[in-house]
Amino acid sequence: MDRINRVSVDDLSPSMQNYLKVIWGLQEWSDVPVSNSAIAESAGVRLSTVSDALRKLADLELIGHARYGSVTLTDAGRENAVSMIRRHRLLETFLVRNLDYEWDEVHDEADRLEHAVSDELIDRIDRVLGFPTRDPHGDPIPSADGRVHRPDAVTLAVVPSPCSARVERISDSNTEMLQYFASKGLVVDAELEVLPAEPYSETVTVRIAATNEVVSLGAAAASSVWVSSGAAVADAPARA
């Protein structure tokens, strides 16, 4: 295990905080190695800008970065990244629950606020909210001691059909998609029936239990919805 660097998250610039959060986000729900180009795409910056930032993070021993290789968080980098993720997701939850924001409105707002709040304020927000374990999109909220419990879930794109499923998490990367999902009742904790797939089709069709509405999702949409996995899903009896 690498030595924990004493650089705290508050010692970092907002830009460095963002890069750690981006690196964490890219590896949280995927096993694909994190590359410079993936970071650039996610952060919306040029590749050369990413390379300069990663050199600074490596100098602070917050990341491991082999030349032309993948980017990994050190123990210290993970600690700081998780701290930023905790801030972001608690702020999103607070905005939705207490200030009546919609779930498609909170990401950018939380991005702005997370650099200004203290850990003390975040801990107080956590207490006021009743120590929630996930944000409005189903992403796990790290505990104060840095523990993260990721639900056992897979994307709708790979779920066998027909089966039953429960929505555990929905990616918040596309605002318009979130608005569409909400209009259909496709939200966290929604119970779904994944209907038999059409031959030669790349769409996934689901019936939403709460509304009985049938919705067909393309590849991008189906890959943005994560549902309960395991025998309870795969072995659920098919409905006529």
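On a 1 Å grid over the protein atoms alone, a pocket is an open set of points where a 1.4 Å probe fits, with protein on both sides within 12 Å along at least five of seven lines, and its lining residues have an atom within 4 Å of a point. The structure is a predicted model, in which local features need pLDDT of at least 70 and side-chain atom pairs count only at pLDDT 80 or more, while totals for linings use all residues. Residues are numbered from 1 along each chain as its sequence is written, and side-chain values use heavy atoms, without hydrogens and water.

The largest pocket holds about 1100 Å³ of space, a volume being the space filled by probe spheres set on the points. Of its 39 lining residues, Gly25, Ser42, His107, Asp172 and Ser173 are the closest to the centre. Helices here are DSSP runs (H or I, at least four residues), numbered from the N terminus; α1 (14-28), with eight residues, gives the largest share of the lining.

The axes of α4 (75-99) and α6 (residues 119-129), lines fitted to C-alpha atoms over the stretch in contact, come within 10 Å and cross at roughly 45°. The two helices are therefore oblique to each other, as angles count as oblique outside the ranges under 35, over 145 and 65 to 115 degrees. Among the residues in contact (heavy atoms within 4.5 Å) are Arg86 and Phe94 in α4 and Asp123 and Leu129 in α6.

The table lists both sets by residue class, with Asp, Glu, Lys and Arg counted as charged.

| Set | Nonpolar | Polar | Charged |
|---|---|---|---|
| Lining of the largest pocket | twelve residues | 15 residues | twelve residues |
| Contact of α4 with α6 | seven residues | three residues | six residues |

Methods:
Axes fitted to C-alpha atoms, helices over the stretch in contact; angles between N-to-C directions.
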